Amino acid sequence: MQDARNLESVKKLNRINVLNIVRENENISRQQLAELTRLTPAAITGIVRELVELGYVQEIGLGESSGGRRPMRLQICPDAGYVIGAEITRNRTTIGIVDLLLRPVKVLEAEIDMENPKTAIDSVVEKIEELIAETEIPVKKIHGAGFAFPGLLDITTKVIKRSPSLGEQWCNIPVKQWLEARLNLPLHVEHNPHAAALAEYTIGKGKDIKNLVYVNLGEGFSAGVIMDNKMLYGAHGHAGEMGHMVVVEDGPLCNCGNKGCLESIYAVSALVRKANNELPLCQDNDGLKAIWQQKGKIGIDDIIAAANEVDSYAWQLIRQAGWYIGIGIANVINFYNPEIVCLGGILSESQTVLIEPLLESLNRHAFPEIARDTRIEISAIGRNAAFYGACLGVIKNLFTLEGSDNMIS
Ligand SMILES: [Zn+2]
């Protein structure tokens, strides 16, 4: 009996292994699968036949020949299943459904009041339920939900110890437990920058790279670090709080309780606050001031749009932020010596206006030998990297022996 059970689990492991390789390698052939898995061609033929019959793998036409017959290319059936993802931040929560190839079915942004954790989680779940109803995807085809949160998320217990950016009430909140009580789905809960780094590493500029730093320049600043193909979490999952690097001693009070942290001066909320305070004193012909006069207050998208005008208030504001963020990144690359630093989050949409002073500052403050060899690039995924990372976390779990129970039994 034990032998039979072992055999079953080996067979299942082989199927999951094959499925995972098909997922990670577009257009793979049966022959390549045999080479990668070291299973016999006959075993691969049998497993692929099963996976095609189950609706997980499909044939997508003939590939190039390398001498003999042209090989049939294989792909995951994208509609074999779907996954829900959510990136939670104070002012903007992104919720969506993707297929198994991470292609979005529907992604939306919602403004959810985060002050009270309990009602905030309830609202997130309600939005998810609305989304499922709208897309009309059968619930049995939804294989899980991934969530990315800001703050000190304990990697083992999935309790948010503290999340200054979400608000004062976010202390010791068992987010995974609360979500489990509301959603009857396998869940994956991750810290925002780690989720974003995973997405960039898997489908963005980090493909084929072993050592990557993803820097989120959003409402807070944080970094997800992958070294030697492994995510660095630290002892409890709190590695990467780059925004709380002190850059001005006795500077402005940060929401973490400390003073002069990088993000207390240059993250999105700080820049928006600063601009709204300073614009009344600005010259009347400034583009951003005109918008401020029209609307009564301006947001980060207004600042980024106005920054394209050289010498304007917004241009100077973003350039100054770029210079100080450059100091932060200089410290990070001196620490980790990555091959690439990918800049994501809303501020990265300022492109050259931000990047030029950032690179000048980086070259001034980092070891020249390290800076020379480090590529600094804007994220390929844009502002939703952590959302896709949350979805990816669920998909990766599905393709492991433990996580695959609701997909392949
Ligand atoms: Zn701080």
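1. A definition to start with: two strands count as paired if DSSP finds at least two bridges between them. Strand 3 (residues 82-87) and strand 4 (residues 93-99) are joined by six bridges, and the two strands run antiparallel. If you would like one pair to look for in the structure, try V83, whose bridge partner in strand 4 is V98. Please keep in mind as you read that this is a predicted model.

2. Now step back to the sheet. Which order do its strands follow? The five strands line up as 5-4-3-6-10, in an open sheet with mixed pairing. Strand 5 (104-110) and strand 10 (187-191) are the edge strands, each pairing on one side only. From one strand to the next, the twist averages 15 degrees. As general background, strands of a sheet pair through backbone hydrogen bonds, either parallel or antiparallel.

3. Next, look at the helices that meet these strands. Helix 5 (residues 175-182) lies across strand 6 (142-149) and strand 10, and runs at about 150 degrees to strand 10. Helix 6 (residues 192-203) packs on the sheet as well, where it touches strand 3, strand 6 and strand 10. The direction of helix 6 makes about 105 degrees with that of strand 10.

4. Helix 6 deserves a second look. Is helix 6 largely enclosed or not, and why? A residue counts as buried if 20 or more other C-beta atoms lie within 10 Å of its own. By that rule 10 of the 12 residues of helix 6 are buried, so the helix is largely enclosed by the rest of the structure. Among the buried residues are N192, P193, H194 and Y201. You can check the length of helix 6 too: at 1.5 Å a residue its 12 residues should span 16 Å, and the end C-alpha atoms are 16 Å apart, which agrees.

5. Further along the chain, helix 11 (residues 313-336) packs against helix 12 (residues 352-365) at an angle of about 35 degrees, with the axes 7 Å apart. Their crossing is right-handed. The residues that meet include W315, I318 and W323 from helix 11, and V353, L354 and H365 from helix 12.

6. Finally, the whole chain. The protein chain has 14 helices and 15 strands, and 42% of its 409 residues count as buried. Its C-alpha atoms fill a box of roughly 75 × 50 × 40 Å along the principal axes. A compact globule with 409 residues would have a radius of gyration near 22 Å; the chain has 23 Å, which agrees.

Methods: Residues numbered from 1 in each chain as written. Predicted model: local features only at pLDDT ≥ 70, side-chain atom pairs only at ≥ 80, totals over all residues. Helix = DSSP H or I, 4+ residues; strand = E, 2+ residues; numbered from the N terminus. Axes fitted to C-alpha atoms, helices over the stretch in contact; angles between N-to-C directions. Contact = placed C-beta atoms within 7 Å. Rg over C-alpha atoms; globule rule 2.2 N^0.38 Å. Expected span 1.5 Å × (residues − 1). Left-handed = near helix turned anticlockwise from the far one by under 90°.
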